[in-house]
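Visitor: I am new to this structure and should be grateful for a close look at a single part of it. Please begin with whatever is needed to place that part in the whole.

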Amino acid sequence: MNFKFFLPCFLLVFIVSGCSSQNIQKLPARDLVIQGQDKSVNIKAEIAKTSEELSRGLMYRTKLADGEGMLFVFDRDDILSFWMKNTLIPLSIAFIASDGKIIDIKNMEPGNLDPVRSSRSVRYALEVPQGWFERVNLAPGDRLIIGQF
């Protein structure tokens, strides 16, 4: 057996599998409610609050079911900017004001490094599978019921 070949291959597989499982670790999730014009819609969202969680987001995930997402919670209102580095699935993002009002909904493509920005200062961002907001008939002006995050 050629150990000069085997050892580097083993290390590469070990490193890649270790990175993948670390990055795919899910965060604690909460059931959230978004109040639309004529209905309420539930979503199960992982909550990202720490700088590490906010930076990692949904990177390296290979799937995200309809009705699931990630809520990014920031300490203060600001113009938010997201990109899709190392993100493998198409997403939609809602930028949400501190009072829960959805300000913008935008689509994002896997791996795209172009920044996607909120049109004004907001406190939260909710990422979901691309098109989910349309499928459940939610739009800017609808409200996320804000609780303790």
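Guide: The account below turns to strand β3, after a short introduction to the model.

This is a predicted model, in which local features need pLDDT of at least 70 and side-chain atom pairs count only at pLDDT 80 or more, while totals for chains, interfaces and linings use all residues. Residues are numbered from 1 along each chain as its sequence is written, and side-chain values use heavy atoms, with hydrogens and water left out. The pLDDT is the predictor's confidence in each residue, from 0 to 100. Its mean for the protein is 88, and 83% of the residues reach 70 or more. Over residues 5–23 pLDDT stays under 50; for this stretch the model has 5 contacts beyond four places in sequence, a contact being heavy atoms within 4.5 Å.

The protein has 3 helices and 9 strands. These are DSSP runs numbered from the N terminus, helices being H or I with at least four residues and strands E with at least two. From the N terminus on, the order of elements is α-β-β-α-β-β-β-β-β-β-α-β. An open sheet is formed by 7 strands in the order β6-β5-β8-β3-β2-β1-β9, with mixed pairing; two strands pair if DSSP finds at least two bridges between them. At the edges are β6 (102–108) and β9 (143–144), each of which pairs on one side only.

Strand β3 covers residues 68–78 and stands between β8 and β2 in the sheet order. Strand β2 (residues 40–48) runs parallel to β3, and 5 bridges join the two. Along this pairing, K44 stands opposite E68, and A45 stands opposite G69. Strand β8 (residues 122–129) runs antiparallel to β3, again with 5 bridges. Here F72 of β3 has A125 of β8 opposite.

Side chains add further links. A salt bridge is a side-chain nitrogen of Lys or Arg within 4 Å of a carboxyl oxygen of Asp or Glu, and the whole structure holds 7 of them. One joins D77 to R123, at 2.8 Å from N to O. This pair links distant parts of the chain, since D77 belongs to strand β3 and R123 to strand β8, 46 residues apart. How accessible are these two residues? Buried means under 20% relative accessible area, exposed over 50%, and partly exposed in between, with a 1.4 Å probe and protein chains only. D77 is partly exposed at 32%, and R123 is likewise partly exposed at 23%.

R76 forms another salt bridge, with D78, the closest N and O atoms being 3.2 Å apart. R76 is exposed, with a relative accessible area of 54%, whereas D78 is partly exposed at 31%.

In the loop between α2 (51–56) and β3 lies D66. The side chain of D66 meets that of R135 in a salt bridge of 2.7 Å, N to O. Because R135 lies in helix α3 (residues 132–135), the pair ties together parts that are 69 residues apart in sequence. Both residues are partly exposed, D66 at 45% and R135 at 49%.

For the protein as a whole, 39% of the 149 residues count as buried. Among contacts between residues at least 6 apart in sequence, 68% join residues at least 24 apart.
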